[in-house]
Each structure stands twice: as C-alpha cells, then as structure tokens.
Amino acid sequence: QVQLVESGGGLVQPGGSLRLSCAASGSSFSIYAMGWYRQAPGKQRELVAGMTSGGTTNYADSVKGRFTISRDNAKNTVVLQMNSLKSEDTAVYYCNADLRPTGSNRRDYWGQGTQVTVSS
C-alpha cells in the first residue's frame with residue numbers, strides 16, 4: 001500500500017513564502033515522476049509543477065520564476081518552494097506521484113491535499 005503524506009501549507013500574506021513537502025511511503029515501488037497540482041474553488045485541478053526521476057521539470061506559466069520544485073529520490077520526497085505568493089495561488093494543493101508498486105501496475109497516486117491561503 002502506497003501513501004503520499006503532505007506537510008506544509010497554511011495562511012500567508014501576499015508576497016510571502018511557503019514550503020510544501022510530500023513523502024511517498026509503503027511497499028516497494030518505482031517512481032517515475034512526482035509533482036504538485038492545485039484546485040481552487042470552482043476551478044479544475046491544474047498542474048503546478050512536476051519533476052521526473054531524471055530531473056526534468058515543468059511548471060505552470062503562472063508560477064514560473066516564483067515556485068521551485070525539488071526531489072530527493074533516495075527519500076522518495078518532493079518539495080515545492082513557493083515564493084512571492086499571490087492571492088490567486090490560494091487553493092488546495094495535492095501531491096501526485098506516477099509510480100509502480102512492485103508486482104502491480106503503474107498509475108497515479110494522490111495525497112490528501114493541503115490548503116494554501118494567500119491573504120492579508
């Protein structure tokens with residue numbers, strides 16, 4: 001059984017910073033990519049940032065230059081450093097992992113979500 005456990009998030013003023021972390025744990029698995037999505041009220045879930053096991057990154061245009069994704073492959077963790085936060089960054093942020101548990105099929109796994117609120 002694979003689990004993604006998120007930490008971080010909270011309330012921050014515009015222009016501030018937050019750091020989200022996510023760790024994959026459980027049975028033996030191979031990770032192909034990890035990343036972060038977000039969903040604001042009334043909107044569809046969207047990709048924020050992702051990183052493959054080989055280190056290739058991609059970012060939503062709206063966060064380029066402000067957010068940085070990093071991974072620790074040995075610890076199966078992914079971190080999203082969010083700087084210069086704006087009110088429009090307010091959303092529930094979800095950790096995502098594209099992985100294959102040993103002896104099972106490759107698929108997406110999701111964390112429980114963590115609230116990020118940017119407000120003065």
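Mentor: A nonpolar core is a set of buried Ala, Val, Leu, Ile, Met, Phe, Trp, Tyr and Cys residues joined through side-chain atoms within 4.5 Å, where buried means under 20% relative accessible area, exposed over 50% and partly exposed in between (1.4 Å probe, protein chains only). This is a predicted model in which local features need pLDDT of at least 70 and side-chain atom pairs pLDDT 80 or more, while totals use all residues. Residues are numbered from 1 along each chain, and side-chain values use heavy atoms, without hydrogens and water.

Trainee: How many strands are there in the protein?

Mentor: The pattern read along the sequence is β at every step, β-β-β-β-β-β-β-β-β-β-β. With helices (DSSP H or I, at least four residues) and strands (E, at least two) numbered from the N terminus, the protein has 0 helices, and the number of strands is 11.

Trainee: Which strand gives the largest share of the largest nonpolar core?

Mentor: This core has 31 residues, and those with the most contacts inside it include Met-34, Trp-36, Phe-67 and Tyr-93. Among the elements that give two or more residues to the core are strand 4 (29-39), strand 5 (46-52), strand 7 (67-72) and strand 9 (91-101). The largest share, 5 residues, comes from strand 9.

Trainee: What percentage of the contacts with a separation of 6 or more joins residues 24 or more positions apart?

Mentor: A contact means heavy atoms within 4.5 Å. One pair distant in sequence is Glu-46 and Tyr-93, which are 47 residues apart along the chain and 9.5 Å apart in space, C-alpha to C-alpha. For the protein as a whole, the share of such contacts from residues 24 or more positions apart is 54%.

Trainee: Which residues does Glu-46 touch, not counting those up to four places away in sequence?

Mentor: Glu-46 has its place in strand 5, and at 35% relative accessibility Glu-46 counts as partly exposed. Setting aside residues up to four places away, Glu-46 touches Trp-36, Tyr-37 and Arg-38.

Trainee: Where is Ser-84 found?

Mentor: Ser-84 is a residue other than glycine with a positive phi, near 50°, and at 40% relative accessibility Ser-84 counts as partly exposed. Ser-84 is found in the loop between strand 8 and strand 9.

Trainee: What is the phi of Asn-76?

Mentor: Asn-76 is found in the loop between strand 7 and strand 8. Asn-76 is partly exposed, with a relative accessible area of 24%. Although Asn-76 is a residue other than glycine, its phi is positive, near 55°.
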